[in-house]
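Colleague: I have this one open in the viewer and would like a close look at a single part. Could you walk me through the largest cavity and then set it in the context of the fold?

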Amino acid sequence: MWTYEKKLQFPVNIKKCDPEMARLILTALGGPDGEMGASNRYLHQRYAMPYPQIVALLTDIGSEEMNHMEVVSAIVRQLTRNLSSKQIQDSGFNAFYTDHTLGMYPVSASGDPFMSHYFQSKGDPITDIHENMAAEQKARTMYENLIRMTDDDDVIRPLEFLRQREIVHYQRFGEALEIIRRELDCKNYYAFNPAYDKKASLEDRGLESK
């Protein structure tokens with residue numbers, strides 16, 4: 001299904017250890033607005049999506065988010081290489097270290113493990129695309145908050161790249177919403193779920209808007 005190219009979408013070359021920053025950046029992997037949730041969201045939503053071009057878009061962006069998981073993991077790994085016990089204790093990284101040493105594990109900045117309720121798949125194209133657009137904006141805000149937390153250009157550059165991709169994804173999902181709207185009654189975009197309901201059956205049940 002995929003062709004895997006063994007390189008990051010954006011290079012990560014961090015010279016200085018910073019376990020405190022690493023603990024914060026972990027949220028971009030497994031937090032409520034992180035890349036793991038994004039990838040799962042889009043790759044699950046595509047099964048009920050009735051429009052082939054939007055299925056392709058969800059597959060493309062869901063796959064790209066998997067690469068972003070690798071970028072984030074590379075940032076965290078490089079920020080925590082060769083840590084001393086004192087650095088681990090002084091930085092607040094000790095709780096994560098106790099459970100996972102320096103392995104990668106999807107958690108939020110506050111230490112909550114990744115949960116499937118971070119993402120939604122409703123089987124309604126309008127609902128799902130609005131969900132995705134909101135998710136991309138929340139992820140953009142998350143990356144902006146992380147950028148403010150460091151003055152290390154080696155960390156800032158890949159974070160800025162990831163932030164920019166959230167903006168591009170938001171725009172792509174906006175285009176997808178227009179595709180859906182063109183297929184629906186232009187007077188009422190919410191008349192029925194095009195992935196499940198049929199207009200005639202809604203009329204029979206008295207659910208069609210007047």
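**A helix, a fold and a cavity**

Modeller: Let's start with helix 4, just to get our bearings. This is a predicted model, and in it helix 4 (residues 52-79) runs for 28 residues, reaching 41 Å from its first C-alpha to its last, close to the 40 Å expected at 1.5 Å a residue. Helix 4 is mostly covered, with 20 of its 28 residues buried. Around it, the protein has 9 helices and 0 strands, and its C-alpha trace spans about 70 × 30 × 30 Å along the principal axes. Of the 210 residues in the protein, 46% are buried. Among contacts with a separation of 6 or more, 77% link residues 24 or more positions apart.

Now for the part you asked about. The structure holds 1 cavity of 30 Å³ or more, and about 90 Å³ of space lies in the largest cavity. Its lining takes in 15 residues, and those closest to the centre are D33, A38, R41, A135 and A139. Two elements give two or more residues each to that lining: helix 3 (35-45) and helix 7 (125-148). Helix 7 supplies the largest share, 5 residues. As for chemistry, the lining divides into 8 charged, 6 nonpolar and 1 polar.

On the outside, the protein exposes about 11,400 Å², and carbon and sulfur atoms supply 49% of that area.

Technical notes
Residues are numbered from 1 along each chain as its sequence is written. This is a predicted model: local features need pLDDT of at least 70, side-chain atom pairs count only at pLDDT 80 or more; totals for chains, interfaces and linings use all residues. Side-chain values use heavy atoms; hydrogens and water are left out. On a 1 Å grid over the protein atoms alone, a cavity is a set of points where a 1.4 Å probe fits but cannot get out, and a pocket is an open set with protein on both sides within 12 Å along at least five of seven lines; lining residues have an atom within 4 Å of a point. Grid points are joined across faces, edges and corners, and a volume is the space filled by probe spheres set on the points. Helices (H or I, at least four residues) and strands (E, at least two) are DSSP runs, numbered from the N terminus. Ala, Val, Leu, Ile, Met, Phe, Trp, Tyr, Cys and Pro count as nonpolar, Asp, Glu, Lys and Arg as charged, and the others, Gly among them, as polar. The expected span of a helix is 1.5 Å times one less than its number of residues. Buried means under 20% relative accessible area, exposed over 50%, partly exposed in between (1.4 Å probe, protein chains only). Contact means heavy atoms within 4.5 Å. Accessible areas come from the Shrake-Rupley method with a 1.4 Å probe; for residues, only the protein chains shown count as cover.
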